[in-house]
Amino acid sequence: MEDLYDETYNLMCRYLREYYPVSDKLCDELFDKCPFVHFKKGELFVSEDRECHNIYFIMRGFCSCFYVKDGKEYILHFFKEGDFGMLFHTFLSRQKAFLNLKATEDTLALCVSRDNFDYFWHEYHDFVLLFYKVFENYAIEREEMYYLMRSNCAEDRVKHYSETHEIQHLMKHVPQYCIASYLNMTPETFAKILARRNKNI
């Protein structure tokens with residue numbers, strides 16, 4: 001049990017320090033104050049039309065962020081190990097969510113409540129700098145994605161995300177129709193483009 005405790009603690013510290021060199025003291029208190037939660041594959045941990053009071057730091061597993069229209073899921077983003085799974089609109093504005101977060105495979109996450117977030121924000125300067133980096137990364141990624149989605153045809157979108165190896169990574173975690181949704185195309189279009197690319201390799 002102690003080995004598992006140490007392994008989880010060390011993993012948390014390593015992932016956090018990929019954003020910013022946070023102190024041992026902050027890591028210790030995060031680990032002590034914030035519970036770890038498990039989500040089964042397919043389980044929602046943030047639902048639309050409900051206010052979300054937590055941020056989830058993904059330790060193990062994989063998650064998708066999506067909205068539902070006419071009974072169909074439209075995927076906007078994925079969260080991998082080491083990502084902060086959060087919906088800015090509901091958490092920061094304290095309004096009901098219009099998006100969902102779902103575990104696409106069994107997931108372990110550190111749950112940072114709003115009260116704990118406020119506590120760490122006021123008590124730890126390195127926590128503020130940590131989240132400055134989280135917000136900065138998110139803003140850059142979103143801007144790049146908006147540009148790529150709007151300025152490229154379906155074939156070029158697949159080409160770009162194949163060359164960055166993101167598609168190959170996603171295929172290890174989610175079905176092809178989820179990747180197609182993420183790239184804003186039908187599963188049939190994605191399959192045809194992928195087949196052509198694989199044939200030409």
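Begin by selecting aspartate 106, which lies in strand 6, the strand of residues 100-113, in what is a predicted model. With the neighbours up to four places away in sequence set aside, aspartate 106 touches Phe39, Lys40, Lys41, Arg60 and Gly61, and these can be added to the selection one by one. Then draw a distance from the C-alpha of aspartate 106 to the C-alpha of glycine 42: the two are 64 residues apart in sequence, yet 8.2 Å apart in space.

**The whole chain**

Zoom out now until the whole protein chain is in view, and colour it by secondary structure, which comes to nine helices and six strands. The radius of gyration of the chain is 18 Å, close to the 17 Å that the globule rule gives for 201 residues, so the chain is as compact as a globular protein of that length. Turned along its principal axes, the C-alpha trace spans about 55 × 35 × 30 Å. If you count contacts between residues at least 6 apart in sequence, 69% of them join residues at least 24 apart.

With a surface switched on, the protein chain exposes about 11600 Å², and carbon and sulfur atoms supply 52% of that area. Buried residues make up 44% of the 201 residues. If you colour by charge, there are 25 positive and 32 negative charges to find, and their mean positions are 8 Å apart.

**Aromatic pairs**

Next, show the aromatic side chains, among which a search of the whole structure finds 24 aromatic pairs. One of these is formed by phenylalanine 45 and tyrosine 56, an edge-to-face pair with 4.9 Å from centre to centre and 75° between the planes. Phenylalanine 45 sits in strand 2 (residues 44-46) and tyrosine 56 in strand 3 (residues 54-69), so that the pair links distant parts of the chain, eleven residues apart. Both partners can be checked for burial: phenylalanine 45 is buried, with a relative accessible area of 9%, and tyrosine 56 also counts as buried, at 6% relative accessibility.

Move from there to phenylalanine 88 and tyrosine 138, whose aromatic pair is tilted, with 4.5 Å from centre to centre and 45° between the planes. Because phenylalanine 88 lies in helix 3 (residues 88-93) and tyrosine 138 in helix 5 (residues 125-151), this pair ties together parts that are 50 residues apart in sequence. Tyrosine 138 counts as partly exposed, at 29% relative accessibility.

**Along helix 3**

Stay with helix 3 and select threonine 90, which has its place there and is buried, with a relative accessible area of 0%. Leaving aside its neighbours within four places in sequence, show what surrounds it: threonine 90 is in contact with Arg50, Glu51, Cys52, Gln95, Lys96, Ala97 and Arg114.

**The two ends of the view along helix 5**Helix 5 offers two further stops. Histidine 125 lies in this helix and counts as exposed, at 59% relative accessibility. A distance drawn from histidine 125 to valine 22 gives 9.2 Å, C-alpha to C-alpha, for two residues that are 103 apart in sequence.

Then select leucine 148, whose place is also in helix 5 and which is buried, with a relative accessible area of 14%. Not counting residues up to four places away in sequence, leucine 148 touches Arg157, His160 and Tyr161. Draw one more distance, from leucine 148 to glutamate 7: these residues are 141 apart in sequence and 38 Å apart in space, C-alpha to C-alpha.

**Two loop residues with positive phi**

Most residues other than glycine have a negative phi, and the last two stops depart from that pattern. Select aspartate 49, which is found in the loop between strand 2 and strand 3 and has a positive phi of about 70° although it is not a glycine. Aspartate 49 is exposed, with a relative accessible area of 55%.

Finish at asparagine 184, in the loop between helix 8 (176-182) and helix 9 (187-200). Asparagine 184 has a positive phi of about 60°, again without being a glycine, and at 55% relative accessibility it counts as exposed.

Key: Residues are numbered from 1 along each chain as its sequence is written. This is a predicted model: local features need pLDDT of at least 70, side-chain atom pairs count only at pLDDT 80 or more; totals for chains, interfaces and linings use all residues. Side-chain values use heavy atoms; hydrogens and water are left out. Helices (H or I, at least four residues) and strands (E, at least two) are DSSP runs, numbered from the N terminus. The radius of gyration is taken over C-alpha atoms; the globule rule is 2.2 Å times the number of residues to the power 0.38. Buried means under 20% relative accessible area, exposed over 50%, partly exposed in between (1.4 Å probe, protein chains only). Contact means heavy atoms within 4.5 Å. Accessible areas come from the Shrake-Rupley method with a 1.4 Å probe; for residues, only the protein chains shown count as cover. Lys and Arg count as positive and Asp and Glu as negative; His and the chain ends are not counted. The place of a charge is taken as NZ of Lys, CZ of Arg, CG of Asp or CD of Glu. Rings of Phe, Tyr and Trp (its six-membered ring) pair if their centres lie within 6.5 Å; planes under 30 degrees apart count as stacked, over 60 as edge-to-face and the rest as tilted.
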